[in-house]
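This report describes a protein model, beginning with one side-chain contact and then turning to the overall fold.

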Amino acid sequence: QNPKTSAIVKQLVAEGNAGELQKYFGSRMEFGTAGLRAAMGAGISHMNDLTIIQTTQGFCRYLEKNFSDLKKRGVVIGFDARAHLSSGGSSKRFARLAANIFISQGVPVYLFSDITPTPFVPYTVTHLKLCAGIMVTASHNPKQDNGYKVYWENGAQIISPHDKGISQAIEENQEPWPQAWDDKLIDSSLLLHDPYATVNKDYFKDIQKQCFHRNINKETNLKFVHTSVHGVGHKFVQLAFKAFDLSPPFAVPEQKDPDPEFPTVKYPNPEEGKGVLTLSFALAEKDGAKIILANDPDADRLAVAEKQE
């Protein structure tokens, strides 16, 4: 029912392009312990509205089997800033479709109203004692990709045999349920909650338990540069520095705002090293900063570079 992915498929059929159709429909994405990750686009081998609906239907049924109190406790769903114009896919759209599936089955959903770093999802699972969490993100993958990470009630990513159980439940629930496509239904539902404000407050209060040198932090002359590599991290790293009474890090201006095109880097992964940190090095040089911190686009990885004497 997504006009953009539907048009892509109709075009290929009209052209008789069997090779491409085989790529799109030959095999379904594998659901593993890291959830799903693939390019956004048409067909069951890609991340799109339909595959998100199917995946969430399977995950919902699997959780119902494992938690008798699922309808009391609920799940949390977060998303990053990824978007793909040609297929109409985006992390926010996928998160809303996933929320709609759970709500249609009477399960409370804590859906963040805005982009968050991935660690907020497992934190919310344990903090609010929920059954599970979903984060829609492709982390540090290339811009056309997206993903679906799944967390269990302990706040950790799932381990075997849950991946196999969920995978089987997806196979058994491929036909979209009634109203599965209509994500507008969630907006008027009493089962929809927005944990954004509470989690922002509680998370940055909780991390202060790890702050052991507040006085030194207040007085240090050490300067930091931070890059969020066009991802979600900027605002949250600024808040973390504040929670520790450190002066805010200098943000790399070209990379601080979310941008699904990732215009300044080939791969938005801090582990690529120098290529991703070029702009950070230049800013550190200019502002006399000794330490560079770099997050990947969903802010669950951190690279650190230190300038030696």
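In this predicted model, a polar atom of the Arg82 side chain lies 3.2 Å from the backbone oxygen of Asp145. Arg82 belongs to the loop that links β2 (75-79) and β3 (83-84). The relative accessible area of Arg82 is 3%; because the limit for a buried residue is under 20%, Arg82 counts as buried.

**Overall fold**

The secondary structure comprises 11 helices and 12 strands. Along the principal axes, the C-alpha atoms occupy a box of roughly 60 × 50 × 35 Å. For a chain of 309 residues, a compact globule would be expected to have a radius of gyration near 19 Å, and the value of 21 Å for the protein agrees with this. Among contacts with a separation of 6 or more, 72% join residues that are 24 or more positions apart.

**Surface and charge**

Burial extends to 53% of the 309 residues. The accessible surface amounts to about 14,800 Å², and carbon and sulfur atoms contribute 54% of this area. The protein carries 34 positive and 35 negative charges, and the mean positions of these two sets are 3 Å apart.

The percentages that describe the whole protein are collected below.

| Property | Value |
|---|---|
| Residues that count as buried | 53% of the 309 residues |
| Contacts between residues 24 or more positions apart | 72% of contacts with a separation of 6 or more |
| Accessible surface belonging to carbon and sulfur atoms | 54% of about 14,800 Å² |

Terms used. Residues are numbered from 1 along each chain as its sequence is written. This is a predicted model: local features need pLDDT of at least 70, side-chain atom pairs count only at pLDDT 80 or more; totals for chains, interfaces and linings use all residues. Side-chain values use heavy atoms; hydrogens and water are left out. Helices (H or I, at least four residues) and strands (E, at least two) are DSSP runs, numbered from the N terminus. The radius of gyration is taken over C-alpha atoms; the globule rule is 2.2 Å times the number of residues to the power 0.38. Buried means under 20% relative accessible area, exposed over 50%, partly exposed in between (1.4 Å probe, protein chains only). Contact means heavy atoms within 4.5 Å. Accessible areas come from the Shrake-Rupley method with a 1.4 Å probe; for residues, only the protein chains shown count as cover. Lys and Arg count as positive and Asp and Glu as negative; His and the chain ends are not counted. The place of a charge is taken as NZ of Lys, CZ of Arg, CG of Asp or CD of Glu. A polar contact is a pair of N or O atoms within 3.5 Å; within protein, one must be able to donate a hydrogen and the other to accept it, and residues adjacent in sequence count only if both atoms are side-chain atoms.
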